[in-house]
Amino acid sequence: MNSIPEIANRLASLCNEHKFVEAYSELFSEHAESIDPIYKNEPLKGLPHLVDREKQFLSVTEIHDIKVSEPLFAGNFFTVVISMDFTVTNQSRKKIEELCVYKVENGKIVSQQFFIG
């Protein structure tokens with residue numbers, strides 16, 4: 001699986017199945033970077049760090065529902081909208097929509113950036 005549409009569709013499929021850690025392990029470069037407004041938009045670099053942060057998030061979060069839109073493509077980028085209904089431990093239930101932009105190089109995702117509306 002090397003094409004950007006294949007990567008985008010596989011990412012959507014894994015996210016819809018709540019297989020977030022598997023998505024990182026399968027689709028992301030070892031040197032991938034993430035920029036997330038939840039973490040003050042400070043870049044986090046390296047697949048092990050991305051996986052660790054995802055595991056921490058999932059350990060305190062119950063996901064009630066998630067939907068991933070059809071991807072849009074531009075060059076070596078693709079974007080999807082993720083709608084998520086979730087509850088973080090000791091917090092109220094939340095529903096968010098986020099625009100997720102991914103960059104692909106050499107058949108792997110090398111960066112992701114989230115914009116939460």
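Here's a quick tour of helix H3, phenylalanine 20 and the aromatic pairs. Keep in mind that this is a predicted model. H3 covers residues 47-59, and its buried residues pack against helix H2 (20-27), strand E1 (28-35) and strand E2 (44-45).

**Helix H3**
- With 13 residues at 1.5 Å a residue, H3 should span 18 Å, and its end C-alpha atoms are indeed 18 Å apart.
- Leu47, Leu50, Val51, Arg53 and Glu54 are the buried ones in H3. They take up an arc of only 165° around the axis, which puts them on the same side of the helix.
- Flip to the other side of H3 and you'll find Gln56 and Ser59 exposed.
- Arginine 53 has its charged end over the ring of tyrosine 39, 4.1 Å from the ring's centre.

**Phenylalanine 20**
- Phenylalanine 20 belongs to helix H2 and is buried, with a relative accessible area of 9%.
- Leaving out residues up to four places away in sequence, phenylalanine 20 touches Cys15, Glu54, Leu58, Ile63 and Ile66.

**Aromatic pairs**
- There are 5 aromatic pairs in the count. One of them is phenylalanine 28 with tyrosine 102, edge-to-face at 6.5 Å centre to centre and 80° between the planes.
- Phenylalanine 28 is in strand E1 and tyrosine 102 in strand E6 (residues 93-105), so this pair ties together parts 74 residues apart in sequence. Both residues, phenylalanine 28 and tyrosine 102, are buried.
- Phenylalanine 73 and phenylalanine 78 make a tilted pair, because their planes are at 45°, with ring centres 6.4 Å apart.
- Phenylalanine 73 is partly exposed at 42% relative accessible area, while phenylalanine 78 is buried at 1%.
- Tyr24, Phe28, Phe73, Phe78 and Tyr102 join up in one aromatic cluster.

Methods. Residues numbered from 1 in each chain as written. Predicted model: local features only at pLDDT ≥ 70, side-chain atom pairs only at ≥ 80, totals over all residues. Heavy atoms only, no water. Helix = DSSP H or I, 4+ residues; strand = E, 2+ residues; numbered from the N terminus. Expected span 1.5 Å × (residues − 1). Buried < 20%, exposed > 50% of the residue type's maximum accessible area, 1.4 Å probe, protein only. Arc of directions from axis to C-beta. Contact = heavy atoms within 4.5 Å. Phe/Tyr/Trp six-rings, centres within 6.5 Å; stacked < 30°, edge-to-face > 60°. Lys NZ or Arg CZ within 6 Å of the ring centre and 35° of its normal.
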